[in-house]
Amino acid sequence: MDRDQKRALVKSQNKLLDLLNPKDGIVDYLFAEEILASVEKDEIFLKSTTKEQARELLEILPRKGSKAWGAFLIGLKESGEASAHGEAATLLEETLAIVIAGRSPRVERKSNASAEGDGGFFSRFGNKGSASDTSPDWLGVGSSSGSTSGINFDDEKSVYKMCSEPRGLAYVINNKNFSRSSGMPRRNGTDVDMDALDKLWGDMGFETKVFKDQGGSEMRYELGRLAKMDHTGRDCVLISILTHGVEGKLYGSDGDLVPVEDLIELFNNDVTHKSLIGKPKLFFLQACRGDYFDKGTDLPDGDIGDELAADIAKEMLQTEMKSVDVIDGKLSSVPSASDMFIGYATVPGFVSWRNSERGSWFVQSIIKVFREYSKREHLLDMMVRVNSAVASEFEASGHNKQVPSPVVRLTKKLFFRPGYYA
């Protein structure tokens with residue numbers, strides 16, 4: 001598929017998920033036309049629901065060649081008499097025409113407002129005001145040079161390219177319920193994090209996919225499959241995992257302990273799909289890393305202020321990065337492990353806190369910070385703010401505290417640039 005066809009497919013996806021029924025002949029037609037391989041056909045029909053099957057089909061199609069779009073439309077029309085596929089074909093044709101008519105070197109896409117009419121993406125961050133009240137203009141829009149606030153986004157030596165539509169695939173693995181044999185309790189409140197991350201990454205231009213209650217082997221399989229996919233036309237890949245954990249390992253819903261590095265190494269430049277080499281691979285891990293409690297250190301009475309809190313968080317970030325360099329020195333010095341960011345919710349050996357109604361401190365801070373600052377700050381600056389929020393704004397019973405701990409293997413600055421496509 002060409003770029004316009006891919007964009008039309010993405011823009012139509014939500015409606016297509018309601019219209020498509022892969023069992024109504026479209027998958028068989030694409031297989032007969034040699035658009036789909038046998039293994040891809042099997043993967044589609046292995047999904048348990050019609051919507052999941054449709055999502056799998058729509059995920060595969062953009063990776064196909066120039067004949068895929070035409071074959072897809074013909075297949076939809078031929079199977080349309082007994083289903084809503086005819087409507088789906090019309091939708092795609094109309095959307096493609098809109099995409100082509102509106103094509104320009106730089107396109108600003110307004111974020112979708114919710115059904116309640118809340119004003120869209122960034123206005124949801126605050127309690128009052130419009131999107132324009134709470135955040136600056138879209139990054140890069142209206143700038144022919146691709147430069148904003150002195151930053152040259154076209155400088156590929158210092159800034160990662162982040163302007164594809166979609167930005168990339170964003171997986172959210174949410175383990176809430178665990179097998180009785182695992183002895184692990186239910187992670188109440190994690191669905192709040194799951195829904196918030198799914199919405200955040202989608203609003204920021206990623207194509208999201210949510211996995212619930214994944215066993216250890218399932219986690220390995222899905223991430224291994226993601227690492228081997230063709231990511232041509234996408235600028236980034238992002239994985240969020242919400243589960244129980246201990247130092248260096250994450251729990252599957254079946255109690256299987258999966259080493260974190262086993263999952264991360266799937267995306268090393270020497271083993272992942274060639275289309276991901278040199279592109280940022282981002283991991284956000286909400287899980288405990290031990291059973292120690294941080295009791296905190298007393299500060300002078302009164303409000304320490306945002307500036308001081310940010311300074312404290314920045315110092316913590318630098319300290320953690322130095323200590324992580326020692327722990328992960330071998331891996332961080334290997335080029336194959338570059339272009340990665342691993343955001344741990346807490347430092348090694350300590351617990352990570354989660355509220356049963358409001359979600360985890362770490363994830364909710366990411367939501368808050370990214371919604372306000374992702375249009376003008378790069379990832380590491382935002383993670384300083386996340387550190388500040390978690391370290392200074394949250395406290396559990398018994399005065400227990402927490403600070404996130406990032407591992408940075410990126411080689412350039414990463415700006416998400418929501419709303420900007422080129």
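Biologist: What percentage of the residues in the protein chain is buried?

Modeller: Keep in mind that this is a predicted model. The protein chain has 422 residues, and its secondary structure comes to 14 helices and 15 strands. Buried here means under 20% relative accessible area. Residues like that make up 51%.

Biologist: And among contacts between residues at least 6 apart in sequence, what share joins residues at least 24 apart?

Modeller: Here we leave out pairs that sit fewer than 6 places apart in the protein chain. Of the contacts that remain, the share joining residues at least 24 apart is 78%.

Biologist: Let's pick one strand. How many residues of strand 10 are buried?

Modeller: Look at the two faces in turn. On one side Lys281, Phe283 and Leu285 are buried, and on the other side Leu282, Phe284 and Gln286 are too. That fits a general pattern: in a regular strand the side chains alternate between the two faces of the sheet. Strand 10 is largely enclosed by the rest of the structure, because the buried count is six of the six.

Biologist: Which strands pair with strand 10, and do they run parallel or antiparallel?

Modeller: Strand 6 (residues 236-242) is joined to strand 10 by six bridges, with Val237 opposite Lys281. Strand 11 (residues 340-344) pairs with strand 10 over five bridges, and there Phe284 has Gly343 as its bridge partner. So for strand 6 and strand 11 alike, the pairing with strand 10 is parallel.

Biologist: Now Lys279, in the loop between helix 10 (260-264) and strand 10 (281-286). Which side chain of opposite charge is nearest to Lys279, and how far away is it?

Modeller: Lys279 is buried, yet it has no salt bridge. A salt bridge would need the charged atoms within 4 Å. The nearest candidate for Lys279 is Asp235, at 5.1 Å.

Biologist: Which residue's backbone oxygen lies 2.5 Å from a polar atom of the Lys279 side chain?

Modeller: Start from the contacts of Lys279, leaving aside its neighbours within four places in sequence: His231, Thr232, Gly233, Arg234, Asp235 and Asp339. The backbone oxygen at 2.5 Å belongs to one of these, Arg234.

Biologist: Last one: in the open sheet with the order 7-8-9, which strands are at the edges?

Modeller: Three strands form this sheet, and the pairing is antiparallel. Strand 8 (residues 249-251) pairs with strand 9 over three bridges, and Leu250 stands opposite Val258. An edge strand here pairs on one side only, which is the case for strand 7 (245-246) and strand 9 (257-259).

How values were computed
Residues numbered from 1 in each chain as written. Predicted model: local features only at pLDDT ≥ 70, side-chain atom pairs only at ≥ 80, totals over all residues. Heavy atoms only, no water. Pairing = 2+ DSSP bridges. Helix = DSSP H or I, 4+ residues; strand = E, 2+ residues; numbered from the N terminus. Buried < 20%, exposed > 50% of the residue type's maximum accessible area, 1.4 Å probe, protein only. Lys, Arg positive; Asp, Glu negative; His and termini not counted. Polar contact = N/O pair within 3.5 Å; in protein donor to acceptor, adjacent residues only side chain to side chain. Contact = heavy atoms within 4.5 Å.
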